[in-house]
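Please open the model in your viewer and keep the selection panel at hand. The tour below goes from one selection to the next and says what is to be found at each stop.

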Amino acid sequence: MRISGKSFNIQLGDLLIFVNSMTADIEDSRAVAKDRGIPNDYVDGEVACSGEIEVDAQNLKLIMDSASRAGSFRDLKPFDINAFADTGNEKMKVELFGCLLRISSLLDIDQAGGEKHMTTLPFDVTSPDFVRINDIAYLSRTDTDDIRAA
């Protein structure tokens with residue numbers, strides 16, 4: 001069996017969350033170096049990773065319970081997000097470190113009903129540990145050697 005969206009388990013910190021959808025996008029600003037308009041190697045640039053989690057009211061409650069224990073939603077400390085799939089034939093693990101949540105779509109009410117209510121939670125990766133894909137770091141050691149997480 002191949003991996004699909006249904007194959008993934010999502011863990012936010014110590015919470016197992018069922019998501020309607022999730023994205024994670026890496027921005028890598030490495031660029032081609034040119035001499036007289038001709039490609040000649042490359043230069044390093046900034047990196048970033050951000051994404052969104054869409055959850056129903058039941059799973060939002062789990063996150064908000066954590067926010068209540070922290071004092072408020074904004075008091076939630078950044079946490080790791082782990083997405084793991086194992087179909088028996090294929091495995092995939094994506095670890096996103098130090099994710100800071102926001103809320104962008106709190107209400108989208110349709111009186112006709114027929115669909116569960118969903119809330120969108122954008123996040124940004126804030127840790128120099130950044131991202132690991134199948135236990136392989138995206139950033140090199142030289143990228144992060146002189147950076148220490150607070």
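**A pair in helix 1**

Begin with helix 1 (residues 57-70), where lysine 61 and aspartate 65 are four residues apart and therefore separated by about one helical turn. This is a predicted model, and in it lysine 61 forms a salt bridge with aspartate 65, the closest N and O atoms being 3.0 Å apart. Show the surface around aspartate 65 and you will find this residue partly exposed, with a relative accessible area of 30%.

**Other salt bridges**

The count for the model comes to eight salt bridges, and two more of them can be selected next. Select aspartate 28 together with arginine 30, which form a salt bridge whose closest N and O atoms lie 3.1 Å apart. Aspartate 28 counts as partly exposed, at 26% relative accessibility, and arginine 30 is also partly exposed, with a relative accessible area of 49%.

Then move to lysine 91 and aspartate 86, whose side chains meet in a salt bridge at 4.0 Å, N to O. Here lysine 91 counts as exposed, because its relative accessibility is 59% and the class begins over 50%, whereas aspartate 86 is partly exposed, with a relative accessible area of 38%.

**The largest pocket**

Now select Gly5, Phe8, Ile10, Val19 and Met22, which, of the 17 residues that line the largest pocket, lie nearest its centre. The elements that give two or more residues to this lining are strand 1 (8-12), strand 3 (21-28) and strand 8 (91-101), and strand 3 gives the most, with four residues. About 350 Å³ of space lies in the largest pocket, and its lining divides into eleven nonpolar residues, five polar and one charged.

**The second largest pocket**

For the second largest pocket, which holds about 260 Å³ of space, select lining residues including Glu54, Ser105, Asp108, Lys116 and His117. Colour strand 9 (residues 118-125) as well, since it gives the most to this lining, with three residues. By class, the lining of the second largest pocket has two nonpolar, five polar and five charged residues.

**A nonpolar patch on the surface**

Which residues form a nonpolar patch on the surface? Select Ile26, Val47, Met92, Ile133 and Tyr138, which together have about 340 Å² of accessible area. To end the tour, centre the view on tyrosine 138, found in the loop between strand 11 (136-137) and helix 2 (141-144); at 31% relative accessibility, tyrosine 138 counts as partly exposed.

Key:
Residues are numbered from 1 along each chain as its sequence is written. This is a predicted model: local features need pLDDT of at least 70, side-chain atom pairs count only at pLDDT 80 or more; totals for chains, interfaces and linings use all residues. Side-chain values use heavy atoms; hydrogens and water are left out. On a 1 Å grid over the protein atoms alone, a cavity is a set of points where a 1.4 Å probe fits but cannot get out, and a pocket is an open set with protein on both sides within 12 Å along at least five of seven lines; lining residues have an atom within 4 Å of a point. Grid points are joined across faces, edges and corners, and a volume is the space filled by probe spheres set on the points. Ala, Val, Leu, Ile, Met, Phe, Trp, Tyr, Cys and Pro count as nonpolar, Asp, Glu, Lys and Arg as charged, and the others, Gly among them, as polar. Patches are made of residues with over 30% relative accessible area and no salt bridge: like charges are joined within 9 Å, nonpolar side chains (Val, Leu, Ile, Met, Phe, Trp, Tyr) within 5 Å. Accessible areas come from the Shrake-Rupley method with a 1.4 Å probe; for residues, only the protein chains shown count as cover. Buried means under 20% relative accessible area, exposed over 50%, partly exposed in between (1.4 Å probe, protein chains only).
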